[in-house]
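Colleague: Got a minute to walk me through this one? I'd like to start with the metals.

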Amino acid sequence: MVEFIFSLPIVSKDYDPTCMVSYVAGLIQLLNKIDDKRTRDKYETELRVLVQTTLDLVDKGVIKEMIDFGLNNTTDLSSAKFAVNMAYVMVLQKTNSSIDKKILANDTRVAFAVRAGLVEMCLSFVERFGQSRLFSLSRGDENSLFQEIQRTIETVYLISLHKKTAKAIASKRVVIEKELLRLRGRDIPNHSDYDYKDKKLLYLAKSVLDLSGTYCCRCNKSLSKTEVLQCNGCSGMVYCSKSCQKEDWLNGHSLTCNKKLAIDQPGRFQGLYSLRGVQVKDERAASKLKELKNNISMIQLKLFLDKRYEIQSRAHSLGIPLYDCVVVFDLQKCPPSVETKKYTSAYDASTSKHFEETRSKDNITCIYHSPHFNGESGTQFVPNISMQRLFPHEWLSGNRVIRHTDGSYTIKK
Ligand SMILES: [Zn+2]
Ligand SMILES: [Zn+2]
């Protein structure tokens, strides 16, 4: 293999013959300059083999080269597919594990790819090729461009609650929002299902934005970095002001701040609920878990408000009062799924009994299941963390909810 590799010409100025990473970067630069289809195919195959067999050959520079290539030099659908596929493989974590690689995207790599324009690249392909017949055509074990983009956006989504990717998305939010608005506003004829496919991808990209952002855990106000006030006790809850913090403390957070779940108080619980398959072995894993909890706390109220009509109508059709409902959000699905159940089907028998005894009749209970990647974990389950939050009924009925022109909500104090 080594002989074959070094028989290819190198064009990178920075090429260092002892460094395979610069060789890979050079190979991508070379692709930019070749018009001849057969030669190009040859280099594409070479690159694919190199990257797939050894992720060590991928660094920031390589990811950036790949996405630049996708943004500027893709001439046809097949090279677009190649660019997305390569970018996807490049953001995966080095692993020998047998778990589905999709869940082992690496926060640092994804964050870098997002900053380099991964989401914009995907959206530009949706725009350019979304109406093509070939867009959703897969052959043999080869994915269609639609499938490649879907898998890539879902991967970004799944890791977007982690610190680095969350920050990268925040830095790109305005650009991506603008792009989505422009693409949704386009005249898309709606007589074939290809249209549905490209709309679906826009919807997935929007879910990535929905899962990120810094919001007050009490009133849902969007916060800039300087406005963030953390709870001193657990640092897991974030507020816009002292008054929001105080209100949240008095309405349940005091019961749970920095405490383990008391099994006999399921109806009073706000905060971390359980860790399944997650082992916090060292400081690094602990700090990762803390970041994750923090980011999830900030979007819980937002997700709840986004889904409030759905929750109300489901409770209505179940014919049960809101305090008997448990709303389960699964953030492992893209977009997040939401299910409103009676508490007896959300909890086991003994927890149900405790729930009856400890719940407040003014609140509705929500449980959020979220993926967890960076803690050491077993291989049998996809590890996840579950958090529970209680929100006053009146927030659901909208008495104190203000809707803004951009479609967001805040809670009036
Ligand atoms: Zn607030
Ligand atoms: Zn706290």
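Modeller: Sure, and keep in mind that this is a predicted model. For the zinc ion (ligand 1), the protein donors are Cys216 (SG), Cys219 (SG), Cys240 (SG) and Cys244 (SG), which lie 2.3 to 2.4 Å from the ion.

Colleague: What arrangement do the 4 donor atoms around the zinc ion (ligand 1) make?

Modeller: Tetrahedral, because the angles they subtend run from 107 to 117°. As a reference, the ideal value for four tetrahedral donors is 109.5 degrees.

Colleague: How are the donor residues of the zinc ion (ligand 1) spaced in sequence?

Modeller: The spacing reads C-x2-C-x20-C-x3-C.

Colleague: And Cys216 and Cys219, buried or exposed?

Modeller: Cys216 and Cys219 are both buried.

Colleague: OK, on to the other ion. Which residues coordinate the zinc ion (ligand 2)?

Modeller: Cys231 (SG), Cys234 (SG), His253 (NE2) and Cys257 (SG) coordinate the zinc ion (ligand 2), at 2.0 to 2.4 Å. The site is tetrahedral, with angles of 101 to 114° among its 4 donor atoms. Along the chain, the donor residues of the zinc ion (ligand 2) follow C-x2-C-x18-H-x3-C.

Colleague: What does the pair Cys231 and Cys257 tie together?

Modeller: Cys231 sits in the loop between strand 1 (229-230) and strand 2 (238-239), while Cys257 sits in the loop between helix 11 (242-256) and strand 3 (271-276), so the pair links parts that are 26 residues apart in sequence. Cys231 and Cys257 are both buried.

Colleague: Any odd backbone angles? Which sign does phi of Ser235 have?

Modeller: Positive: phi of Ser235 is near 55°, in a residue other than glycine. Ser235 belongs to the loop between strand 1 and strand 2. Its relative accessible area is 13%, so Ser235 is buried, the cut-off being under 20%.

Colleague: And what's phi for Asn220?

Modeller: Near 70°, again a positive value in a residue other than glycine. Asn220 lies in the loop between helix 10 (193-210) and strand 1. With a relative accessible area of 3%, Asn220 is buried. For context, most residues other than glycine have a negative phi, and most peptide bonds are trans.

Colleague: Speaking of peptide bonds, which residues does a cis one join?

Modeller: Cys334 and Pro335 are joined by a cis peptide bond, with omega about -5°. Pro335 is in the loop between strand 5 (325-330) and strand 6 (337-342).

Colleague: Let's switch to helix packing. How are helix 7 and helix 9 oriented to each other?

Modeller: Helix 7 (residues 118-129) and helix 9 (residues 163-185) pack at an angle of about 10°, and their axes are 10 Å apart. Angles under 35 degrees count as roughly parallel, and therefore these two helices are roughly parallel to each other.

Colleague: Which residues meet there?

Modeller: From helix 7, Val119, Glu120, Leu123 and Glu127. On the helix 9 side they meet Lys172, Val175, Ile176, Glu179, Leu180, Arg182 and Leu183. Sorted by class, the contact of helix 7 with helix 9 has 6 nonpolar, no polar and 5 charged residues.

Colleague: What about Gln150, where does that sit?

Modeller: Gln150 is in helix 8 (residues 145-159). Gln150 counts as buried because its relative accessibility is 16%. Neighbours within four places in sequence aside, Gln150 is in contact with Lys200, Leu201 and Leu204.

Colleague: I also want a couple of C-alpha separations. What separates Thr108 and His162?

Modeller: Their C-alpha atoms are 9.3 Å from each other, with the two positions 54 residues apart along the chain. Thr108 is part of helix 6 (residues 107-116), and at 39% relative accessibility Thr108 counts as partly exposed.

Colleague: And Gly407 with Asp306, how many residues apart along the chain are they?

Modeller: They are 101 residues apart, with a C-alpha separation of 9.0 Å. Gly407 is in the loop between strand 10 (401-403) and strand 11 (409-411). Gly407 counts as partly exposed, at 26% relative accessibility.

Colleague: Last thing, the overall picture. How many helices and strands are in the protein?

Modeller: The protein has 16 helices and 11 strands. Of its 413 residues, 51% are buried. Among contacts between residues at least 6 apart in sequence, 66% join residues at least 24 apart.

Methods: Residues are numbered from 1 along each chain as its sequence is written. Chains are lettered from A and ligands numbered from 1 in the order in which they are written. This is a predicted model: local features need pLDDT of at least 70, side-chain atom pairs count only at pLDDT 80 or more; totals for chains, interfaces and linings use all residues. Side-chain values use heavy atoms; hydrogens and water are left out. Donors are N, O and S atoms within 2.8 Å of the metal (3.2 Å for Na, K and Ca); water is not among the atoms, so sites may look incomplete. Four donors count as tetrahedral if all angles lie between 85 and 135 degrees; four count as square planar and six as octahedral if opposite donors are over 155 degrees apart and all others between 65 and 115; anything else is irregular. Helices (H or I, at least four residues) and strands (E, at least two) are DSSP runs, numbered from the N terminus. Buried means under 20% relative accessible area, exposed over 50%, partly exposed in between (1.4 Å probe, protein chains only). Axes are lines fitted to C-alpha atoms, for helices over the stretch in contact, and angles run from 0 to 180 degrees between N-to-C directions. Angles under 35 degrees count as roughly parallel, over 145 as roughly antiparallel, 65 to 115 as roughly perpendicular and the rest as oblique. Contact means heavy atoms within 4.5 Å. Ala, Val, Leu, Ile, Met, Phe, Trp, Tyr, Cys and Pro count as nonpolar, Asp, Glu, Lys and Arg as charged, and the others, Gly among them, as polar.
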